[in-house]
Amino acid sequence: MKEHQPDAMIFNMGQPTIRWVGNENGLASDPVNYVVDRTSDTQYTDSSSGLGTAHYLPPECDVSLRRGWFWHPDDEPKSTEHLVAIYYQSVGMGANLLLNLPPDTRGLIPEQDVRRLREWKAELDRRLSGPVEATAEHHDGGATLSFPAPVTFNHLELVEDLSSGQQITHHVVTGDDGELGDVVGTVAGAGPAEGKTVIVEGKTVGSRRIHQVPVVTAKRLHVKLTGVGGGVDGGGRLRSARVYTGALDAAVPLIPEGYEAPTDAPE
């Protein structure tokens, strides 16, 4: 591979350049660490393999459009809502997404599956529309995000500056009580700070962290960054930040209750 396809990615084995996220549901969990010294081996056991030393191995979230990896006449593609939820919990968590499209007995992608993919793309485009870029001013302990004018949004995207490696281990986004417009809804697990309203919080940021938040209007946001290594006050830095304003009616997508990809071990 290194001779004939030197830029090919190697998944999880030999001398890997990417690693398995640890499930076949297409879902990453917070934190998403890009540097690890072990990789999960298989979905059928809890075993893992040591790498000897730490390696840069971003996780890949693998999942099939249908329930199984191969086409079956009694199976059907996942719902658009399910696919949007997968996107938020893979790409939106700073991981890679690999979506399997099983060909049918004609050797073609079924039209039903093609329609679902187009519906998925249209819904993602709708939700992540109307971007408004923020100006980030870094200071000890985090950054202040400023917008040209008050903006009403329900999606927030943060991108970490990875030039010195992944450093951010926790982040909290707040707005000033006196400047923040009404927050429509509640933020689960986030308590208010003195003089501020917590909009959302999480652990890593990485290459792209997308938060769907209650509809809120703000001209300025504060991001508290906790981390390791260099950066401002050792907490890391943001490379960019933006909000999306185009789909304020979008509900939070859910994974079907009890869903698990098939985990029967092969014969």
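## A tour from helix α2 to strand β12

Begin by selecting helix α2 in this predicted model, and look at what surrounds its buried side: the buried residues of α2 pack against α1 (80-88), β5 (96-100), β8 (142-160), β11 (209-227) and β12 (238-244). To see which residues these are, highlight D113, V114, R116, W120, E123, L124 and R127, the buried residues of the helix. While α2 is still selected, place a distance between its end C-alpha atoms: helix α2 covers residues 111-127, and because 17 residues at 1.5 Å a residue should span 24 Å, the 24 Å between those two atoms agrees with the expectation.

Next, move to the largest nonpolar core, which has 22 residues, and colour L145, F153, L158, V173, L221 and L238, the members that touch the most other members. Two or more residues of this core come from each of β8, β9 (168-176), β10 (196-202), β11 and β12, and the largest share, seven residues, is given by β8. As a general background to this view, nonpolar side chains tend to be buried together in soluble globular proteins.

Within that core, centre the view on V173 and show its neighbours; leaving aside residues up to four places away in sequence, V173 touches L156, L158, T197, V198, I199, V200, L221, H222 and V223. A second, separate core of eleven residues can then be picked out, with L65, V84, Y87 and L128 among its members.

Now select L238, which is found in strand β12 and counts as buried because its relative accessibility is 5%, under the 20% cut-off. Which residues does L238 touch, not counting residues up to four places away in sequence? Displayed around L238 you will find H138, A143, L145, L158, V159, E160, D161, I168, V205, V223 and L225. It is also worth drawing a line from L238 to A136, since these two residues are 102 residues apart in sequence while their C-alpha atoms are 7.6 Å apart in space.

Finally, turn to H138, one of the residues that L238 touches, which lies in strand β7 (residues 135-139). Is H138 buried or exposed? H138 is buried, because its relative accessible area of 18% falls under the 20% cut-off. Two polar partners can be shown from its side chain: the side chain of R237 makes a polar contact with the side chain of H138 at 3.3 Å, and the backbone nitrogen of L238 lies 2.8 Å from a polar atom of the H138 side chain.

How values were computed: Residues numbered from 1 in each chain as written. Predicted model: local features only at pLDDT ≥ 70, side-chain atom pairs only at ≥ 80, totals over all residues. Heavy atoms only, no water. Helix = DSSP H or I, 4+ residues; strand = E, 2+ residues; numbered from the N terminus. Expected span 1.5 Å × (residues − 1). Buried < 20%, exposed > 50% of the residue type's maximum accessible area, 1.4 Å probe, protein only. Contact = heavy atoms within 4.5 Å. Core = buried A, V, L, I, M, F, W, Y, C linked by side-chain atoms within 4.5 Å. Polar contact = N/O pair within 3.5 Å; in protein donor to acceptor, adjacent residues only side chain to side chain.
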